[in-house]
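This briefing walks through a structure from a single side chain outward to the packing of helices around it. Please keep the sequence and the model in view while reading.

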Amino acid sequence: MDPELPRQLQAERWYSAPRLWAKLRKASKVLGKNAVLTILTLYHCLMDSDTPTWARGVIVGALGYLILPADLVPDIIPGAGYGDDWAALVGALGTVTAYVKDIHKVKAAAQTEKLFGRTGR
């Protein structure tokens, strides 16, 4: 936590790894395999010390938006609830794609397979 920033601007208020994992456990089937793969790819890129600070900020913003319970389109709306979250994730991935390594993709794919199984059920 950066003590110089007001609480509402500190990343930890909006994003934390435990909150991300809780969201994935709760909503992975609704989010779908592609969204979970994107989320986990961004997560592994975030955890990589080679990822620049500005790119980490973009990733934290997108993952934080996913976790945020009250966003532009509430997540409880069937069919549309995660549409805005998906847009934020795709935008973030497109922005930081130069820093996404093959190892991030491999780790994300392995975790996604664990969640959904080989057939994508």
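In this predicted model, His44 is a residue of helix H3. His44 has a relative accessibility of 12%, and therefore counts as buried, the cut-off being under 20%. The points below begin with His44, continue with the fold as a whole, and then take up the packing partners of H3.

**Residues of H3**

- Once the neighbours within four places in sequence are set aside, the contacts of His44 are with His104, Lys107, Ala108 and Gln111.
- Thr38 is likewise placed in helix H3, and because its relative accessibility is 10%, Thr38 counts as buried.
- Beyond its neighbours within four places in sequence, Thr38 touches Trp86, Leu89 and Leu93, and these three residues also appear among those that H5 brings to its contact with H3.

**The fold as a whole**

- The secondary structure consists of six helices and zero strands, which gives the pattern α-α-α-α-α-α when the protein is read along the sequence.
- Of the 121 residues in the protein, 39% are buried.
- Among contacts with a separation of 6 or more, 64% join residues that lie 24 or more positions apart.

**H3 against H5**

- Helix H5 covers residues 83–96, and its axis lies 10 Å from that of H3, the two helices packing at an angle of about 45°.
- With that angle, H3 and H5 are therefore oblique to each other, and the crossing in which H3 passes H5 is left-handed.
- On the H3 side the contact involves Asn34, Ala35, Thr38, Ile39, Thr41 and Leu42, which meet Trp86, Leu89, Ala92, Leu93 and Val96 of H5.
- Sorted by character, the residues of this contact of H3 with H5 comprise eight nonpolar, three polar and no charged.

**H3 against H4**

- Helix H3 spans residues 33–47 and helix H4 spans residues 53–67; their axes come within 10 Å and cross at roughly 140°.
- H3 and H4 are therefore oblique to each other, since only angles over 145 degrees would count as roughly antiparallel, and their crossing is left-handed.
- H3 contributes Ile39, Leu42, Tyr43, Cys45 and Leu46 to this contact, while H4 contributes Arg56, Ile59, Val60, Leu63 and Leu66.
- The residues in the contact of H3 with H4 are divided into nine nonpolar, no polar and one charged.
- Ile39 and Leu42 of H3 are listed in the contact with H4, and Ile39 and Leu42 are also listed in the contact with H5.

**Arg56 in H4**

- Arg56 belongs to helix H4, and because its relative accessible area is 27%, Arg56 is classed as partly exposed.
- Which residues does Arg56 contact when its neighbours within four places in sequence are left aside? Arg56 is then in contact with Leu46, Asp48, Ser49, Asp50 and Thr51.
- With Thr51 there is a specific approach, in that the side chain of Arg56 reaches the backbone oxygen of Thr51 at 3.1 Å.
- Although Arg56 and Val96 are 40 residues apart along the chain, their C-alpha atoms are separated by 8.5 Å, and Val96 is itself one of the H5 residues that meet H3.

Note on methods: Residues numbered from 1 in each chain as written. Predicted model: local features only at pLDDT ≥ 70, side-chain atom pairs only at ≥ 80, totals over all residues. Heavy atoms only, no water. Axes fitted to C-alpha atoms, helices over the stretch in contact; angles between N-to-C directions. Helix = DSSP H or I, 4+ residues; strand = E, 2+ residues; numbered from the N terminus. Parallel < 35°, antiparallel > 145°, perpendicular 65-115°, else oblique. Left-handed = near helix turned anticlockwise from the far one by under 90°. Contact = heavy atoms within 4.5 Å. Nonpolar A, V, L, I, M, F, W, Y, C, P; charged D, E, K, R; others polar. Buried < 20%, exposed > 50% of the residue type's maximum accessible area, 1.4 Å probe, protein only. Polar contact = N/O pair within 3.5 Å; in protein donor to acceptor, adjacent residues only side chain to side chain.
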